[in-house]
Amino acid sequence: MKIMTRQTSIYDTNKPIGPLASRLRPRDLDEFVGQEHLLGEGKVLRQMIDRDMVSSMIFWGPPGVGKTTLARIIAGRTKAEFINFSAVTSGIKEIKEVMNRAEKMSIMGDKTILFIDEIHRFNKAQQDAFLPFVEKGSIVLIGATTENPSFEVNSALLSRCRVFVLNALQQENLVNLLRQSIADPRAFESKEIRVSDEMLAIIANFANGDARTALGTLEMIVLNSETDESSVTVTMEMLEQCISKKSLLYDKTGEQHYNIISALHKSMRNSDVDASIYWLARMLEAGETPLYVARRVVRFASEDIGMADSRALQIAVAAYQACHFIGMPECSVHLAHAVTYMALAPKSNALDVAYANAAVDAQNMLAEPVPMQIRNAPTKLMKELGYGKGYVYAHDTEDKLSTMQCLPDSLLDRKYYVPTEQGQEAKVKERMEQIENWKKQNQE
């Protein structure tokens, strides 16, 4: 029988366990990296924590920027009872139990701080359960979320919380964090980690603002590098192996999804071809459904180009059909074709503005009667009542036009569609002016 010998690991028995990011979680604000706009000397959040005077608040920011860590620091400094609550594993029953406990403590004059990680995962009913206790002051609520709280937190609850936006960490922040980690005895048992500044910069860039990713990557590289009793040597070859494929920062259901589709739309509107193709690639390479992108391009064709180049809509619909027929990765070139056409086409939002203005009147003037001359008259009684009387069939006229009124009396002077001089819309404008002049002459 072949006997396998166990190799010595820098994470051997009786040594700290858990991921590096967990072992090195900052214990106080002095160890915390980043978010200087909130935690710098004299900043509001820093003062609230230092004075143990926190109020209900929401920490909103991308993963790995310190939302949960800040809550833990508050827990370590507050004289209030601190309850850590997970939106992933807790339901209405658990919420009520915690709230009843906090209510009893409040009666005794004791304060309860309730931290809810991933608060966006709570549904409306669960969030509503906190509201009366926040209003009465029985609890101080601290929520953490990666999603925009404007959409994910009930407006009533949100109005009673202060939102603090935590930013993705800068590369300089992450490099400093990595250096601190290498020097921290909790990390690698005081072993000397031989890694160049260039490598640390590469890891920081790979992490894309996420401290947890940066520390996890560092740990993986150290674990797989050459080691002896006192040191670990990281090579560029090992580094490249561990970060061979960079994950794209893209969540198909989160805010970043909407940020990037917005970037595509606005780049096309600004006639920036290169930016348009880049944002398209960001979505497709991250796994976005091509039909979703194609639908947005179809919308763009009429919203931002419209009559200035009606062929844009045909190109957009053709690209959608191509995506439907063949899918990714082949359809990427069809979307690139459509996006490039949209970016280069003359721009007009006249149709979008026209419909928006008409929609306002349609919503506010719902009872305006249809003029009698353009009403349908399928029965004898309706004809006797005057339905359709005075209708002029335009095809029977010499100019294919008539002066017949089609808008309700109260909207007679409305002008919804105002064409621009862009592209083919200049000809549309000319045609509309001809029609208007003809009507004025024949009305006189």
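I take contact to mean heavy atoms within 4.5 Å. The model I am reading is predicted.

**Entry: Leu407**

I started with the contacts of Leu407. Leaving aside neighbours within four places in sequence, I found Leu407 in contact with Pro371, Leu412 and Arg414. I then placed Leu407 in the loop between α20 (380–384) and α21 (425–443). Is Leu407 buried, exposed or partly exposed? Its relative accessibility is 30%, so I log Leu407 as partly exposed. I also checked Leu407 against Lys380. The two are 27 residues apart in sequence, and their C-alpha atoms are 25 Å apart in space.

**Entry: nonpolar cores**

Next I looked up the cores. The largest nonpolar core has 31 residues. Which residues have the most contacts inside it? I noted Leu174, Ile193 and Leu218. I then listed the elements that give this core two or more residues: α9 (171–183), α10 (185–188), α11 (197–207), α12 (211–223) and α13 (236–242). I also logged a second, separate core of 26 residues. Ile261, Ile305, Ile315 and Leu335 are among its members. As background, nonpolar side chains in soluble globular proteins tend to be buried together.

I went back to Leu174 for its contacts. Not counting residues up to four places away in sequence, Leu174 touches Leu169, Ala204, Ala207, Gly209, Asp210, Ala211 and Ala214.

**Entry: α9 against α11**

I looked at how these two helices pack. Their axes are 9 Å apart, and the angle is about 120°. That angle makes α9 oblique to α11, because it falls outside the 65 to 115 degrees of roughly perpendicular and is not over 145. The crossing of α9 past α11 is right-handed. Which residues make the contact? From α9 I wrote down Gln171, Leu174, Val175, Leu178, Arg179 and Ile182. From α11 I wrote down Asp197, Leu200, Ala201, Ile203, Ala204, Asn205 and Ala207. Leu174 of α9 is thus in my notes for this contact and for the largest core.

**Entry: backbone oddments**

I checked for a cis peptide bond. The bond from Met328 to Pro329 is cis, with omega near 5°. Pro329 lies in the loop between α17 (311–326) and α18 (332–344).

I then turned to positive phi values. Asp52 is not a glycine, yet its phi is positive, near 55°. I placed Asp52 in the loop between α3 (44–50) and β1 (57–60). Its relative accessibility is 18%, under the 20% limit, so Asp52 counts as buried.

Glu118 is not a glycine either, and its phi is positive at about 55°. I found Glu118 in the loop between β3 (112–117) and α6 (124–136). At 26% relative accessibility, Glu118 counts as partly exposed.

**Entry: cysteines**

How many disulfides does the structure hold? I logged zero. A disulfide is a covalent bond between the sulfur atoms of two cysteines. I looked at Cys331 to see why there is no bond there. Its closest cysteine sulfur is in Cys323, 3.7 Å away, and that is too far for a bond because the cut-off is 2.5 Å. Cys331 is buried, with a relative accessible area of 0%. Cys406, by contrast, is partly exposed, with a relative accessible area of 45%.

How values were computed: Residues numbered from 1 in each chain as written. Predicted model: local features only at pLDDT ≥ 70, side-chain atom pairs only at ≥ 80, totals over all residues. Heavy atoms only, no water. Helix = DSSP H or I, 4+ residues; strand = E, 2+ residues; numbered from the N terminus. Buried < 20%, exposed > 50% of the residue type's maximum accessible area, 1.4 Å probe, protein only. Core = buried A, V, L, I, M, F, W, Y, C linked by side-chain atoms within 4.5 Å. Axes fitted to C-alpha atoms, helices over the stretch in contact; angles between N-to-C directions. Parallel < 35°, antiparallel > 145°, perpendicular 65-115°, else oblique. Left-handed = near helix turned anticlockwise from the far one by under 90°.
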